[in-house]
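Subject: Structure handover

Hello,

Here is the structure I promised to pass on. Please open it first, then read my notes below.

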2 protein chains.
Amino acid sequence: MPPDGAAEAIARLLVKLRLRDRVTEHEASVLRGAIDRIVDHPAGQVLVSEGAPLTFSILLIDGFVARFKDLAEGQRQITELHVAGDFVDLHGYLLKRLEHSICALTPVRIAIVPHAALTAITESEPHLTRMLWLSTQMDAAIQRERILSLGRRTAVARVAHVICELFHRLKIIGMVDGTSFALPITQVDLADATGLTPVHVNRMLGRLRNERLLTFRGGIAQIHDLAGLEERAEFDPAYLFMSAARR
Amino acid sequence: MPPDGAAEAIARLLVKLRLRDRVTEHEASVLRGAIDRIVDHPAGQVLVSEGAPLTFSILLIDGFVARFKDLAEGQRQITELHVAGDFVDLHGYLLKRLEHSICALTPVRIAIVPHAALTAITESEPHLTRMLWLSTQMDAAIQRERILSLGRRTAVARVAHVICELFHRLKIIGMVDGTSFALPITQVDLADATGLTPVHVNRMLGRLRNERLLTFRGGIAQIHDLAGLEERAEFDPAYLFMSAARR
DNA sequence: CGTTAAATTGAAGATCGTCAACCAAGGTGG
DNA sequence: CCACCTTGGTTGACGATCTTCAATTTAACG
């Protein structure tokens, strides 16, 4: 018997999976049944520590979460931002431990999915297994786009790009209100995601504001000109794999 | 009946998988049987184009291959380098098309694995399926480390880091001779991998040479001081998941 | 030998980081 | 109710890293 909230937890994940392939009602209920419990954590909490042995994976129900790695001199790099409905460390099921940590950027609600339940799925639900595998690969595609950003985009474009990405990812799960969305994270977080300093992120946000493309203030991102912002970022949503597979 | 060379093609992949978990002889032969044919390509050849529908995946038998993405102004970013034994686009099996391209950096020999064969594996070989899934996740871990490099490491460290990574990845498949290994790619390729300009890569290689850490010349990387090089790069091989899972 | 791709070097400049100060908002306790 | 503190945001001056542009050398190969 799945705990209260399991249906809601799975709902947003299903939205994303169903953009790519059919998920039967049976499969959906198997997913719901894989949830052991639902837990809340405050902002700043480290949910998974680098190197720790894992026995369950985390499905994000609400809030924002980041995967990050640290360097010696206190430098931090966020490798991926997660939104509601993301299977934040499904890859931990395969890897058994992670080479990065995971922390809550805001207060979060998460669903705990034991690895044993995932193994059961792989034993009896080949199609659902492929869908879960696919979801880890959509994740990897986002990472590749981040590599491109960090390697070859200018600072303004990087900042513009993260915002565009979050806009699209939040939109499909219904968390965008017209042209604005809640993004209750700090400029320091944005800096860690874009590989810049907080000071420079601040300036780039100022520039985007002056260009009437975007205002990010008080945890709200307000996009004034989506086409313009996407052009500034050289943003092409293809890497999000949000449209049906072409065959 | 697997084609000639299938055994060799699978051998190096098995080496890597077996660092993490047991692979039975039966599973190994299933993998060999999944190979449809073996093909050679010259250096520079584009093996997979961004966006093209895919019906098979590529296992690299010999040579060096890169995944890359382009930006408008002719800027190129390599998201990952591949060595012999890498399942270069296994993720294409799930995604059905890629958001990046793949090209041969050197002459290559590749094995073609039809997606139908992979589906058959997922239907009847749950454990092997998990191992293949794992292999795509080890891949993603390498991408995350690249994100860290591009976001937070200095130019010297980035260059040093790629070399360290390739050293370790090549070592486990027996392609390192003592302290040196063949890396027949250009400084332009290194620049595309590290998010730098070829000019600056050249200077950083010069610096590493002056510091008696590394000489890269004529397609051969010669490491003079591995510990020193790794320290310069803040390199920690944990992300390669080459040791047994701790439980 | 001539031709081409790759590597190397120098000079100049842009982007981004560092350091440091200051401001704004929100919460806390006296 | 308001001083105080903390966190996050903003701004300016300066400097380092890396890029750009351009020329030159080296190596590989027919």
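In this predicted model, a phosphate oxygen of DNA strand D sits 2.7 Å from an N or O atom in the side chain of A:Gln187. A second phosphate contact on DNA strand D uses backbone: an N or O atom of B:Ala155, at 3.0 Å. A:Arg203 goes to a base instead. One of its polar side-chain atoms lies 3.2 Å from a base nitrogen of DNA strand D.

The wider surroundings of DNA strand D comprise 15 residues. Those that come nearest are A:Gln187, A:Asn202, B:Ala155, B:Thr197 and B:His200. Of the atoms of DNA strand D within 4 Å of the protein, 66% are sugar and phosphate. Two helices each supply at least two residues here: H8 (198–210) of chain A and H8 (198–210) of chain B. H8(A) gives the most, with four residues. By class, this surface has four nonpolar, seven polar and four charged residues.

Now DNA strand C. Which residues are the closest to it? They are A:Ala155, A:His200, B:Gln187, B:Asn202 and B:Arg203, out of 15 that surround the strand. The side chain of B:Gln187 has an N or O atom 2.7 Å from a phosphate oxygen of DNA strand C. A backbone N or O atom of A:Ala155 is 3.0 Å from a phosphate oxygen of DNA strand C. A:Arg203 appears here too: a polar atom of its side chain lies 3.2 Å from a base oxygen of DNA strand C. H8 of chain A and H8 of chain B are the elements that give two or more residues to this surface. H8(B) gives the most, with four residues. Sugar or phosphate holds 68% of the atoms of DNA strand C within 4 Å of the protein, and bases hold the rest. The residues near DNA strand C divide into four nonpolar, seven polar and four charged.

Next, the protein–protein contact. Chain A puts in 60 residues and chain B puts in 60 residues. The area buried between them is about 5600 Å², with 59% from carbon and sulfur atoms. Eight salt bridges cross the interface of chain A and chain B. One of them joins the side chains of B:Arg152 and A:Asp192, at 3.0 Å from N to O. There are also 27 residue pairs in polar contact across this interface. On chain A, the elements that each supply at least two residues are strands E4 (65–70) and E5 (76–82) and helices H3 (91–95), H4 (115–124), H5 and H7 (187–194). H5(A) has the largest share, 20 residues. By class, the side of chain A that touches chain B has 27 nonpolar, 15 polar and 18 charged residues.

Last, helix H7 (residues 187–194) of chain B. Why is it largely enclosed by the rest of the structure? Because six of its eight residues are buried. These are B:Asp189, B:Leu190, B:Ala191, B:Asp192, B:Ala193 and B:Thr194. The buried residues of H7(B) pack against helix H5 (126–152) of chain A. Within chain B, they pack against strands E5 (76–82) and E9 (214–217) and helices H5 (126–152), H6 (155–172) and H8. At the start of H7(B), a side-chain oxygen of B:Thr186 comes within 3.3 Å of the backbone nitrogen of B:Val188. Just after H7(B), B:Gly195 takes a positive phi of about 70 degrees.

Best wishes

Terms used
Residues numbered from 1 in each chain as written. Chains lettered and ligands numbered in written order. Predicted model: local features only at pLDDT ≥ 70, side-chain atom pairs only at ≥ 80, totals over all residues. Heavy atoms only, no water. Near = heavy atom within 4 Å. Polar contact = N/O pair within 3.5 Å; in protein donor to acceptor, adjacent residues only side chain to side chain. Nonpolar A, V, L, I, M, F, W, Y, C, P; charged D, E, K, R; others polar. Buried < 20%, exposed > 50% of the residue type's maximum accessible area, 1.4 Å probe, protein only. Contact = heavy atoms within 4.5 Å. Buried area = accessible area lost by both parts, 1.4 Å probe. Salt bridge = Lys/Arg side-chain N within 4 Å of Asp/Glu carboxyl O.
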